[in-house]
Amino acid sequence: MSHAQKPHLKVILLGNSGAGKSSFMNQYVNRRFTNLYRATIGADFFTKDITVDDRPVSLQIWDTAGTERFQSLGGALYRGAHCCLLVFDVTSAASFAALDSWRREFMVQADPPDPQRFPFVVVGNKTDLDNREVTGKRAQDWCAELGAEYFEVSAKEDIDVDKPFLSAVRAALHYFKDYSSETPGDYFQLASRTPEEKPEGRCVC
């Protein structure tokens, strides 16, 4: 893929089931939220054309199932990613504690060309709820060790949802310049119409 062309960036969402990854993605892409919980089976994805710092970008966002029985799909889904968003529920200490396992599993299966430089963005979701178990300082301290940016959001109330995606795109662009995949066989990717062309805007794999 030529760097002169509009970059096609692949971003992965990882985290425990129930952390709100699907709601987070759907709020960003479609500005919609539903209280009806449906566990992701395998993976869902959306595409979104955006402009970041005056540069047009085609963003492909993958929402992966947060359950162990679908982790075997990881190798195919993760390869070719340019950034990974680690999502947890601020009202669940267990979902935060699991992030390190998700990160390590991603690095093993994605096998990025430069593991030390691969970008992660950490997202604490459900800040609209009162029964918080993970403080912002605890999350920020962990992110400092990881070298990742940290954001707190509410997918339900659409609070600061754009910020982590903007950070992820900027980090992905830097990574893309040096490590974009040249051969289609290196990673798993599907073509998708944008939400405007396809009302539901999603594929369940």
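These are my notebook entries on one helix and on the salt bridges of a predicted model.

**Entry 1: helix α4**

I looked up helix α4 and found that it covers residues 99–110, which is 12 residues. From its first C-alpha to its last I recorded a reach of 16 Å, close to the 16 Å expected at 1.5 Å a residue. I then listed the buried residues of α4: Leu99, Trp102, Arg103, Phe106, Met107, Gln109 and Ala110. I also checked what comes after the helix: α4 is followed by aspartate 111, which has a positive phi, near 50°.

**Entry 2: a salt bridge within α4**

I next asked which residue forms a salt bridge with aspartate 100. The partner is arginine 104, and the closest N and O atoms are 3.0 Å apart. Both residues lie in helix α4, four residues apart, which is about one turn of the helix. An α-helix has 3.6 residues a turn, so residues three or four places apart point the same way. I noted the accessibility of each partner: aspartate 100 is partly exposed at a relative accessible area of 27%, and arginine 104 is partly exposed at 44%.

**Entry 3: a salt bridge within α5**

I turned to helix α5, where lysine 137 and aspartate 141 are four residues apart and therefore separated by about one helical turn. These two residues form a salt bridge, with the closest N and O atoms 2.8 Å apart. Is lysine 137 buried or exposed? Lysine 137 counts as exposed because its relative accessibility is 55%, with the cut-off for exposed set at over 50%. Aspartate 141, with a relative accessible area of 39%, is partly exposed.

I also recorded a network here: salt bridges that share partners join Arg31, Asp158 and Asp162.

**Entry 4: a salt bridge between distant parts of the chain**

I searched the whole structure for salt bridges and obtained 10. One of them is formed by aspartate 89 and lysine 126, whose closest N and O atoms are 3.5 Å apart. This pair links distant parts of the chain, 37 residues apart. I placed aspartate 89 in strand β4, residues 83–89, and lysine 126 in the loop between β5 (120–125) and α5 (136–146).

I asked whether aspartate 89 is buried or exposed. Aspartate 89 counts as buried because its relative accessibility is 8%, and buried means under 20%. Lysine 126, at 22% relative accessibility, counts as partly exposed.

How values were computed
Residues are numbered from 1 along each chain as its sequence is written. This is a predicted model: local features need pLDDT of at least 70, side-chain atom pairs count only at pLDDT 80 or more; totals for chains, interfaces and linings use all residues. Side-chain values use heavy atoms; hydrogens and water are left out. Helices (H or I, at least four residues) and strands (E, at least two) are DSSP runs, numbered from the N terminus. The expected span of a helix is 1.5 Å times one less than its number of residues. Buried means under 20% relative accessible area, exposed over 50%, partly exposed in between (1.4 Å probe, protein chains only). A salt bridge is a side-chain nitrogen of Lys or Arg within 4 Å of a carboxyl oxygen of Asp or Glu.
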